[in-house]
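Hi,

Here is the structure I promised to send over. Have a look at it first, and then read on for my notes.

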Amino acid sequence: MMEIAVIGAGPVGLMLAAELRLGGAKVVVLDRRTEPDRRPRANGLGGRIVEQLDHRGLLDRFRAEATFAGPVPGFPFGPVPLHFSGPDAPLRALMLQQPRMEALLEERATELGAEIRRGHELVDLGTVRGPDGEYRIEPRYIAGCDGAHSRVRELAGIGFPGTTGDELMRLGHFRADVDLFATVAGLERGWNRRPGGRVLVTSLTPGVVIAGVREVTPEPPGEPTLAEFRDAVRRVLGTDLPLGEPLWLSRTASSARLAVRYRAGHVLLAGDAAHLFPAGGSSLNVGLLDAVNLGWKLAAVVRGTAGEALLDSYHAERHPVAARTLTQTRVQALLDRLTGEDGDALRTLFGELAAFPEATRHLAGLLRDADELPYVPDLPLTVGGEPIRVAEVMRAARTVLFDFADRADLREAAGPDVKIVTAACPDAPADALLVRPDGVVTFRGGDPAALREAMTAPGR
């Protein structure tokens, strides 16, 4: 019997597959596309997901191919720049285009034993149409990681309320044949605001220009074309851009939506199937963290080491994060979209307020992760006389008891299914920490009875 079917082989589905395999669950990933998507729809990751990649031993793989990896001195909140000062910048970023992310995540998932079936489309919750025709599946659980137009969400009857804006975003990557900033007078790197919309011109890769156009206009039928893109640039910018050969073109309407629930029986949602944000590049970061939260829980239930109540904690923990992210991305979109003198006034005052240190830290925290759960810091540890990082201990995706006081009674209370690490730590926050596979601290202290209670609590 198929234990878990993950629908969608994008980054979230592949991350979930790897997490499930680390937890000991059998998983098959089904994707209707016959080959990976080559469009660089995302250009990087930021915030807590970078730390989680470190916990899984994936950060070095990503960093080896990234154009940038590390703390950032600032980050845009919509059109308002945030500036971070001091050595402990609150936000880490990793710049790597989505096709390479997917390739590295697929490599990891298959290394761990996940099966990837491409060209296999979900017909209903028990039927798949593959290259050789239809066949039945009977998985214990189905995880919908199949994007904004999720077939899984539709079949499960999960509502997806929200709004779709009247502003259309056209985006493309082009070969850089000329220096646009030297050729077009008044053109600035980044967004160029005009009465009829905004035009984006930037570059993250040598030889490739990223250009975009935002305007209020109906979406035309068919696939986007170069002529359509150039016409849109001319309408908004008032002049032509000598763009080179298009590497890819896309067209999307901005949406702000949140699934009413993340679980319906044996069906669960993650990533864009569960939430859409109108601005800020948060979707992939939040979606990958969905996968980290769901993976160990679903694997534990399948293995029989946890009850069904653990799955309810997935919605309870991740739905509020998406709601909070939806709030801040709506604000980013409004700051960017509002035109005229009112828009200028709002952006000016918001920028002044955002420059106060407390406001900067607050907004940076929202960008880093709207999750308010307590995560384990990367404490300096020594085990058997050798230095080791918390991130290295977390690689196996198991629950860990960090015993900082060499307490046999705490180790006994943790039980046999918990990894025990007795370590010296000069900055130990307590005698012991109990840390979930996703890095959340569920116990801190020295009371064995309280530790036993924490071990049995839903969401432990």
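Let me start with a charged pair. Glu-65 and Arg-100 form a salt bridge, with 2.6 Å between the closest N and O atoms. Glu-65 belongs to helix α3 and Arg-100 to helix α4, so this pair ties together parts that are 35 residues apart in sequence. Both ends can be seen from outside to some degree: Glu-65 is partly exposed, with a relative accessible area of 35%, and Arg-100 counts as partly exposed at 36%. Before I go further, please keep in mind that this is a predicted model.

**More salt bridges**

How many salt bridges does a search of the whole structure find? The count is 45. Another one of them joins Arg-56 to Glu-19, where the closest N and O atoms are 2.8 Å apart. This pair also links distant parts of the chain: Arg-56 is in the loop between α2 (48-55) and α3, while Glu-19 is in helix α1, and 37 residues separate them. Are these two buried or exposed? Arg-56 is buried, at a relative accessible area of 4%, and Glu-19 is buried too, at 3%.

Then there is Asp-290 with Arg-318, whose side chains meet in a salt bridge at 2.9 Å, N to O. Here the link runs from helix α8, which holds Asp-290, to helix α9 (residues 309-337), which holds Arg-318, and the two are 28 residues apart. Asp-290 and Arg-318 are both buried.

Salt bridges also join up into a network, made of Arg-170, Glu-215, Glu-219, Glu-228, Arg-235 and Arg-251. It may be worth colouring those six by charge when you open the file. As a reminder of the general principle, side chains of opposite charge can pair when their charged atoms come close.

**Helix α4 and what it packs against**

Back to the helix that carries Arg-100. Helix α4 covers residues 98-111, and at 1.5 Å a residue its 14 residues should span 20 Å; the end C-alpha atoms are 20 Å apart, so the two values agree. Which of its residues are buried? They are Gln-98, Pro-99, Met-101, Glu-102, Leu-104, Leu-105, Arg-108 and Ala-109. These buried residues pack against α1 (11-22), β3 (44-46), α3 (59-65) and α8 (283-303). Just after α4 comes Gly-113, with a positive phi of about 105 degrees.

One of those packing partners, α8, also contains Asn-285. Asn-285 counts as buried, because its relative accessibility is 13%. Leaving out residues up to four places away in sequence, Asn-285 touches Leu-45, Gly-46 and Ile-49.

**Two loop residues**

What does Ser-150 touch, not counting residues up to four places away in sequence? Its contacts are Leu-269 and Ala-273. Ser-150 is in the loop between β12 (141-144) and α5 (151-156), and it counts as buried because its relative accessibility is 1%. To give you a sense of distance, Ser-150 and Tyr-375 are 31 Å apart in space, C-alpha to C-alpha, and 225 residues apart in sequence.

The other is Arg-407, in the loop between β23 (400-403) and α13 (408-414). Arg-407 is buried, with a relative accessible area of 18%, where the cut-off for buried is under 20%. If you set aside neighbours within four places in sequence, Arg-407 is in contact with Asp-431, Gly-446 and Pro-448.

**Cysteines and a surface patch**

In case you were going to ask about disulfides, the structure holds 0. Among the cysteines, Cys-145 counts as buried at 9% relative accessibility, and Cys-425 is buried as well, at 12%.

On the surface, Leu-334, Leu-338 and Leu-346 make a nonpolar patch of about 200 Å². Leu-346 is in helix α10 (residues 340-354), and at 34% relative accessibility it counts as partly exposed.

That's everything I have for now. Happy to talk through any of it.

Cheers

Notes:
Residues numbered from 1 in each chain as written. Predicted model: local features only at pLDDT ≥ 70, side-chain atom pairs only at ≥ 80, totals over all residues. Heavy atoms only, no water. Patch = residues over 30% accessible without salt bridge, like charges linked within 9 Å, V, L, I, M, F, W, Y side chains within 5 Å. Areas by Shrake-Rupley, 256 points an atom, 1.4 Å probe, with all protein chains shown as cover. Salt bridge = Lys/Arg side-chain N within 4 Å of Asp/Glu carboxyl O. Helix = DSSP H or I, 4+ residues; strand = E, 2+ residues; numbered from the N terminus. Buried < 20%, exposed > 50% of the residue type's maximum accessible area, 1.4 Å probe, protein only. Expected span 1.5 Å × (residues − 1). Contact = heavy atoms within 4.5 Å. Disulfide = S-S within 2.5 Å.
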